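This report introduces a structure to a reader who has not met it before. Please look over the sequence and the model shown here before reading on.

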Amino acid sequence: MAGYVGEDGRRVLDAQAAVLRTGEVKSVDIKYMRGDGLICDLVVTNKATTNAKGKVIGFHGTIQDISERKRAEEQLEKLAYHDPLTGLANRALFHRELNDVLAQKRKKTDAALLLLDLDRFKEVNDSLGHGAGDELLGRVAHRISRALGNRHFLSRLGGDEFAMILKDHASVAEVESLAAQVVAAIADPISLSSGEVTVGASIGIALIPKDGTEASDLLRHADLALYQAKEQGRGRAVFFESTMSTVVQHKIALARDLRQAVQQNSGLEVHYQPQADLALGTVAGFEALLRWNHPVRGNVPPGEFIPIAESSQLICDLGLWILRESAQQAKRWLDAGEPREVAVNVSAAQIWHSDFIGDVMRVLDETELPPHLLCLELTESLMADHAVGRVRKVLTELKQLGVTLALDDFGTDYSSLGYLTQLPFDKLKIDRIFVDGIADTARARKLLEGIIALGRGLGMTIVAEGAEKPAEVEILRALRCDQVQGFVYARPMVASDAIAFARAQDRIAAVAASPVIQAKAAVA
Ligand code: C2E
Ligand code: MG
Ligand code: MG
């Protein structure tokens, strides 16, 4: 049935009454349902009709169909304010919405800003292609909207970043529970046309007005909380706390500088720490340890920057960099007549979030380093969250390349002994904490003896880390430990010093092992 839509009939009458009262021209945009059921946009313009004395005696007007123009405007609005991929509001609309919320100076304007970032988006994008990445974003957008309901505002800021504004919420607990629901909704496997993927999401939350009344403060604070969520292991929602600012900002700045160092290949250097063979007295190989000389802060210890790199994809680039550098170095030594094994530390993220096996193959191929001269040091964190079968499969594939596998920092983490027996490690690196104190307490010695016996029983080469005193070396020798890596022999050094040390050490060992010397020793 033809007629005005909603209150539009009243608005026309009001405008006409105003024309009669004031004599001014009035235009109103209205919606009108035509006889065929289509709704069109009209503009009704009324002008006063006056008599010869200028007195208003009525009105006349025009009605113009502006449906086309309105449609174009709506289209433009959609383009300007919506993300074409997901159909969600875009960054521009998000800013408008956030400012609107902040501008509402009602007494109780409690609200919350949530920033969400997908945890393994890059992985899907890189391995399955951009088409799958786009499809995934669409699915994720749908899941978030469903979990959030339509009471709240959701937008995609770009890439795999989404922002939510929860308005008029009842309590912090409600924000927390909604955030947890969103995280849970994304954690379930998502099926794409190219297969099933599992991603996760991390969320940072800033409360309005508690954590800020300006858009820029709120965004910064939600971002800091998001960073914390990622650092705490992803797949979680974290509220902003004022103490985060300094600590996290420092880390964010370091992460940015480290990324630059990797990209520009500046300030990074590999140091090599010798590993002594206890039986022969020679240098069996070296561990490659990363050193970063920051342009302003000077040397930043790996204990500080490795975890920062690990909380982002940066560790994969950094890990590949040191792998390539160390392999090139080992090949240069080999070419100079010194076949020395180089051990490179590998983070769990490299294994799970990059094409690590492919990287090792490429590096071996490029450098022409015989694989037996490359050792990969993995820690027990590799086994966190992964079934033993999956870990074994990856390790077996690596071993098939001919490289040596070492389990690093043994005893500091998850260490299920049952686990250990099922994995194809060649070397066991016993952490410093088990070497510390063996010269002083029988208990410490007993523990170390047990670990060495266990490793030997599994056919592994045993390397003790962190021996600092000659007395410790003697005990390790007595316990039939194979190798020692510690300050008692040498600290990590630049490549030229490391190889010079090894040559000198090998010469001493050769002299000590010569029949003449041994005979002399026997006589004495
Ligand atoms: P890690 O792999 O267990 O390396 C051995 C660490 O023990 C090195 O510390 C080494 O300098 C130190 N160390 C060796 N002997 C002694 C000793 O007698 N006494 C003491 N107090 N320390 C000793 P660094 O170089 O500071 O590295 C710390 C950790 O950072 C490494 O532990 C490793 O987990 C990580 N890291 C270093 N470079 C890399 C890298 O390129 N990639 C990855 N993913 N992690 C790395
Ligand atoms: Mg190591
Ligand atoms: Mg270690």
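## Polar contacts of ligand 1

How many Å separate a polar side-chain atom of Asn 345 from an oxygen atom of ligand 1? In this predicted model, the distance is 2.9 Å. For Arg 291, too, a polar side-chain atom is placed 2.9 Å from an oxygen atom of the ligand. Phe 487 takes part through its backbone: one of its polar backbone atoms is 2.8 Å from an oxygen atom of ligand 1. The protein buries 82% of the 790 Å² that ligand 1 exposes when taken alone.

## The shell around ligand 1

There are 22 residues around ligand 1, and those that come nearest are Arg 291, Asn 345, Asp 408, Glu 468 and Phe 487. By character, the shell consists of eight nonpolar, eight charged and six polar residues.

Three elements each supply at least two residues of this shell: strand β13 (283-294), helix α9 (302-310) and strand β17 (404-410). The most is given by β13, which contributes four residues.

## The magnesium ion (ligand 2)

Four protein donors surround the magnesium ion (ligand 2) at 2.0 to 2.1 Å: Glu 287 (OE), Asn 345 (OD1), Glu 377 (OE) and Asp 408 (OD). Along the sequence, these donor residues follow the spacing E-x57-N-x31-E-x30-D. Distant parts of the chain are linked by one pair among them, with Glu 287 in strand β13 and Glu 377 in strand β16 (residues 374-379), 90 residues apart. Glu 287 and Glu 377 are both buried.

Asn 345 thus appears in two settings: its side chain has a polar atom 2.9 Å from an oxygen atom of ligand 1, and its OD1 atom is a donor of the magnesium ion (ligand 2).

## The magnesium ion (ligand 3)

The magnesium ion (ligand 3) has its protein donors at 2.0 to 2.4 Å, namely Asp 408 (OD), Asp 409 (OD) and Glu 465 (OE), the last of these listed twice. The spacing of the donors along the chain is D-D-x55-E. Asp 409 belongs to strand β17 and Glu 465 to strand β19 (residues 461-465), so this pair ties together parts that lie 56 residues apart in sequence.

Is Glu 465 buried or exposed? Glu 465 counts as buried because its relative accessibility is 10%, under the 20% limit. Asp 409, with a relative accessible area of 24%, is partly exposed.

## A shared residue

Which residue bridges the two magnesium ions, ligand 3 and ligand 2? Asp 408 coordinates both ions, and they are 3.9 Å apart. Asp 408 is also among the residues that come nearest to ligand 1.

Conventions
Residues numbered from 1 in each chain as written. Chains lettered and ligands numbered in written order. Predicted model: local features only at pLDDT ≥ 70, side-chain atom pairs only at ≥ 80, totals over all residues. Heavy atoms only, no water. Near = heavy atom within 4 Å. Polar contact = N/O pair within 3.5 Å; in protein donor to acceptor, adjacent residues only side chain to side chain. Areas by Shrake-Rupley, 256 points an atom, 1.4 Å probe, with all protein chains shown as cover. Nonpolar A, V, L, I, M, F, W, Y, C, P; charged D, E, K, R; others polar. Donors = N, O, S within 2.8 Å, 3.2 Å for Na, K, Ca; no water. Buried < 20%, exposed > 50% of the residue type's maximum accessible area, 1.4 Å probe, protein only.
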